[in-house]
Amino acid sequence: MAVSIPVLVIVIALHLIAFVLAVGAERRRSSAKVVPDEYDEKTFCVYGTDASTAYGLAAFGLLLISQTLVNGITKCLCFGRGMMGGSSTTCAIFFFVFSWVSFLGAEACLLAGSAKNAYHTKYRAVFQVESLSCATLRKGVFAAGAALTLLSMIGSIFYYWKHSKADTGGWQKHQNEGLGMAASNYTESTERKG
């Protein structure tokens, strides 16, 4: 199996779009402020935009599609033909594990960040309470997801490349390969002797 440029372009594009969405989700996290209720002595939280939840879920989906594409083409390292031994196979296994670990970390950050960002509290306490805070997402969750998305992209690219080299042994297969057949001199040599 040779490296397919369109596959690499699609994988890189999906990862980079997911990275941009994760960075956008970090910048557009929900903010909240405590507002007193005009009818009673309770306070409540007023939240800003929920755009980062949508950005985080979109990045989650694009990253999932990219990982599925790479592992579908390579048959997830387990279900395809056997690979040639050597350093390419060792590197392919290393980058397979690396891409999956970074992929799972990025997906966990993006999904947890989206869920926490979508969570809004309502009434929090009686009005005279001094230490009142509204539940918001901590800074850096989507940023960690973005960083792990880039690591997943690097791991997926190198895994696909090394898998392609190990799958063919670094050589391209030749068409019409076989033994050349030549005429035999056996009949001529037996007639001369006899």
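**Figure 1. Helix α4 gives the most to the nonpolar surface patch, with four residues.** In this predicted model, the patch covers about 580 Å² and is made by Val 3, Ile 5, Val 9, Leu 151, Ile 154, Phe 158 and Trp 161. Two elements, α1 (5-27) and α4 (141-168), each give two or more residues to it. Phe 158, one of the patch residues, lies in helix α4. The relative accessible area of Phe 158 is 33%, so this residue is classed as partly exposed; because patches are made of residues with over 30% relative accessible area, Phe 158 passes that cut-off.

**Figure 2. Segments that the UniProt record names as transmembrane regions.** The unreviewed UniProt entry places this feature at residues 6-25, 91-113 and 141-161. Residues 91-113 are 100% helix and 0% strand in the model, and the C-alpha atoms at the ends of the span lie 32 Å apart. For residues 141-161, the end C-alpha atoms are separated by 30 Å, and the span is likewise 100% helix and 0% strand.

**Figure 3. The hairpin of strands β1 and β2.** Strand β1 (residues 32-36) pairs with β2 in the antiparallel sense, over five bridges. Five residues lie between the two strands of the hairpin. Ala 32 has Tyr 47 of β2 as its bridge partner. Strand β2 spans residues 42-47 and has two faces: Thr 43, Cys 45 and Tyr 47 form the covered one, whereas Lys 42, Phe 44 and Val 46 form the uncovered one. Why do the residues of the two faces take turns along the strand? In a regular strand, side chains alternate between the two faces of the sheet. Tyr 47 thus belongs to the covered face of β2 and is also the bridge partner of Ala 32.

**Figure 4. The salt bridge between Glu 26 and Arg 29.** A search of the whole structure finds one salt bridge. The side chains of Glu 26 and Arg 29 meet in a salt bridge with an N to O distance of 3.4 Å. Is Glu 26 buried or exposed? Glu 26 counts as buried because its relative accessibility of 13% is under the 20% cut-off. Arg 29, at 24% relative accessibility, lies between the cut-offs of 20% and 50% and therefore counts as partly exposed.

**Figure 5. Val 23 of helix α1 and its separation from Tyr 55.** Val 23 lies in helix α1 and counts as partly exposed, at 32% relative accessibility. Along the chain, Val 23 and Tyr 55 are 32 residues apart, while their C-alpha atoms are separated by 8.8 Å.

**Figure 6. Secondary structure and confidence of the predicted model.** The protein comprises five helices and three strands, which follow one another from the N terminus in the order α-β-β-α-α-β-α-α. Of its 194 residues, 33% are buried. The mean pLDDT of the protein is 80, and 73% of the residues reach 70 or more. Which element has the lowest mean pLDDT? That element is strand β3 (residues 123-126), with a mean of 56, whereas α1 has the highest mean, 94. Where pLDDT is low, the predicted coordinates should not be read in detail.

How values were computed: Residues are numbered from 1 along each chain as its sequence is written. Side-chain values use heavy atoms; hydrogens and water are left out. Patches are made of residues with over 30% relative accessible area and no salt bridge: like charges are joined within 9 Å, nonpolar side chains (Val, Leu, Ile, Met, Phe, Trp, Tyr) within 5 Å. Accessible areas come from the Shrake-Rupley method with a 1.4 Å probe; for residues, only the protein chains shown count as cover. A salt bridge is a side-chain nitrogen of Lys or Arg within 4 Å of a carboxyl oxygen of Asp or Glu. Buried means under 20% relative accessible area, exposed over 50%, partly exposed in between (1.4 Å probe, protein chains only). UniProt positions are given in the numbering used here, feature names are shortened, and annotations may be inferred rather than shown by experiment. Two strands pair if DSSP finds at least two bridges between them. pLDDT is the predictor's confidence in each residue, from 0 to 100.
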